[in-house]
Amino acid sequence: MSTLADVAKLAGVGVGTASRALSGKGYVDEATKSRVQTAAAKLKYRGNAAARALRERRSRAIGLLIPDLSNEFYTSAAEVLQVELDAAGFQLIVAQTGGAAGDEQRAWETMLSRQVDGVVHVPVDPLGSVPTTLPVVQLNRRSQRCTATAVLSHDAQGVQLLTEHLIDVGHRDIVALVGPSDFSTTKDRLAGFRSAIAAADIPEVPAGTHDRAQPRTRVLSAALTIDAGAAAIESIADDLPTAVLALSAQFVLGTLAVCKRRSIDIPTELSIAGFNDPAWYSVWNPAITTFAPPLADMGRRASREILAAIDTWDGRPAKRPAVIQMEGELRIRDSVAAITHQSRRRPVPSSR
């Protein structure tokens with residue numbers, strides 16, 4: 001097995017210079033750095049991560065706590081984080097926290113026992129505590145009591161744009177399907193929705209209101225699962241709006257499931273706008289109009305923030321943590337139809 005001394009000899013430099021060139025710590029001119037890297041590649045040199053960790057008193061590992069490994073948002077974030085952290089010499093350790101606060105706490109205990117250098121955290125419990133003994137960066141959501149930097153999508157802006165699009169093409173009877181009310185993402189998305197309907201002077205009424213003659217909006221809240229989303233839409237199936245804002249990919253699937261069971265045509269009988277943009281949105285017929293958060297950029301920014309937090313960690317959490325909001329993109333496709341009046345298209349058939 002090649003050693004650092006072998007690399008230095010082949011490159012014609014000292015061992016210290018070779019170390020700086022490969023670690024990125026300390027100045028080495030570009031020509032020398034390139035020569036060292038070429039020598040390392042030729043000799044198939046691999047640094048001793050364990051020895052480096054002992055020298056630096058670090059584990060060279062960073063944790064990622066996510067609620068659901070099947071959710072494309074979290075898998076996309078994990079993929080980007082893995083690439084970015086690997087390039088910096090860190091290993092990513094992933095733990096699924098599920099939807100329960102107890103599971104999240106156990107995942108924290110696992111990370112602490114592994115002595116990770118820091119954690120990127122997607123919170124499950126909005127009121128849950130976060131350890132203050134190591135650097136933490138929150139991703140996608142933020143806890144109410146957390147003093148960590150949070151990297152978020154600008155959900156309020158995105159949902160406002162999405163709602164404005166529905167209003168611009170004539171919809172005045174809209175249902176917003178959102179997650180649990182105490183999640184920061186739900187609050188942000190509702191803020192964007194309500195900003196748009198207030199500007200258009202469309203009132204928000206209770207979910208059970210059946211007056212179709214006047215413009216109205218309704219809000220339904222459900223757990224972030226396909227079945228919960230479907231159940232929420234079923235609860236208003238005898239009084240559907242002209243458009244549903246299904247503000248998660250799970251809710252889009254739940255809404256589509258109800259439409260399939262009840263033979264509701266999209267978009268002529270019901271327009272659907274979604275959130276996030278998994279690959280199937282664009283190939284579904286009709287393709288799903290949506291707001292797409294910048295998932296890859298969020299993952300890259302979270303990796304930079306956690307690495308910076310580790311480098312500057314002094315054993316105390318930040319007094320004024322940053323909230324970084326990143327702008328996404330409105331993607332208009334075929335699942336939203338323009339309408340010119342509020343009359344219902346036809347009675348909704350019973351579930352078969």
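Here are four short exercises, with worked solutions, on the predicted model shown above.

**Exercise 1. Find out how confident the predictor is along the chain, and where care is needed.**

Step 1: Start with the average, which is a pLDDT of 88 for the chain.
Step 2: Look at the share of residues that score at least 70; it is 91%.
Step 3: Now turn to residues 342–352, where the pLDDT is below 50. In the model this stretch still has 28 contacts beyond near neighbours in sequence.
Step 4: Decide how to treat such a stretch. Where pLDDT is low, the predicted coordinates should not be read in detail.

**Exercise 2. Describe the overall build of the chain.**

Step 1: Count the elements: the chain has 12 helices and 12 strands.
Step 2: Take the extent of the C-alpha trace, about 80 × 40 × 40 Å along its principal axes.
Step 3: Ask what is hidden. Of the 352 residues in the chain, 47% are buried.
Step 4: Turn to the surface, where the chain exposes about 16,800 Å² and carbon and sulfur atoms supply 51% of that area.
Step 5: Check the contacts with a separation of 6 or more: 68% of them are between residues 24 or more positions apart.

**Exercise 3. Explore the second largest pocket and the second largest cavity.**

Step 1: Begin with the pocket, which holds about 610 Å³ of space. Its lining has 31 residues, and those closest to the centre are Asn71, Tyr74, Arg141, Leu224 and Gln250.
Step 2: Find the elements that give two or more residues to this lining: α5 (72–87), α8 (184–199) and α10 (249–261).
Step 3: Sort the pocket lining by class to get 16 nonpolar, 11 polar and 4 charged residues.
Step 4: Move to the second largest cavity, with a volume of about 30 Å³. Among the residues that line this cavity are Asp125, Arg141 and Phe183.
Step 5: Sort the cavity lining too: 4 nonpolar, 2 polar and 3 charged residues.

**Exercise 4. Inspect the backbone around β9 (271–275).**

Step 1: Locate Pro267 in the loop between α10 and β9. A cis peptide bond joins this proline to Ile266, with omega about 5°.
Step 2: In that loop between α10 and β9, find Ser263. Its phi is positive, near 55°.
Step 3: Go on to Asn276, in the loop between β9 and α11. Here phi is positive as well, near 70°.
Step 4: Are these two residues buried or exposed, at least in part? Buried means under 20% relative accessible area. Asn276 has 9%, so Asn276 is buried. Ser263 has 34%, so Ser263 counts as partly exposed.

Definitions and conventions. Residues numbered from 1 in each chain as written. Predicted model: local features only at pLDDT ≥ 70, side-chain atom pairs only at ≥ 80, totals over all residues. Heavy atoms only, no water. 1 Å grid on protein atoms, 1.4 Å probe; cavity = no way out; pocket = protein on both sides within 12 Å on 5 of 7 lines; lining within 4 Å. Points joined across faces, edges and corners; volume = space filled by probe spheres on them. Helix = DSSP H or I, 4+ residues; strand = E, 2+ residues; numbered from the N terminus. Nonpolar A, V, L, I, M, F, W, Y, C, P; charged D, E, K, R; others polar. Buried < 20%, exposed > 50% of the residue type's maximum accessible area, 1.4 Å probe, protein only. Contact = heavy atoms within 4.5 Å. Areas by Shrake-Rupley, 256 points an atom, 1.4 Å probe, with all protein chains shown as cover. pLDDT = per-residue confidence, 0-100.
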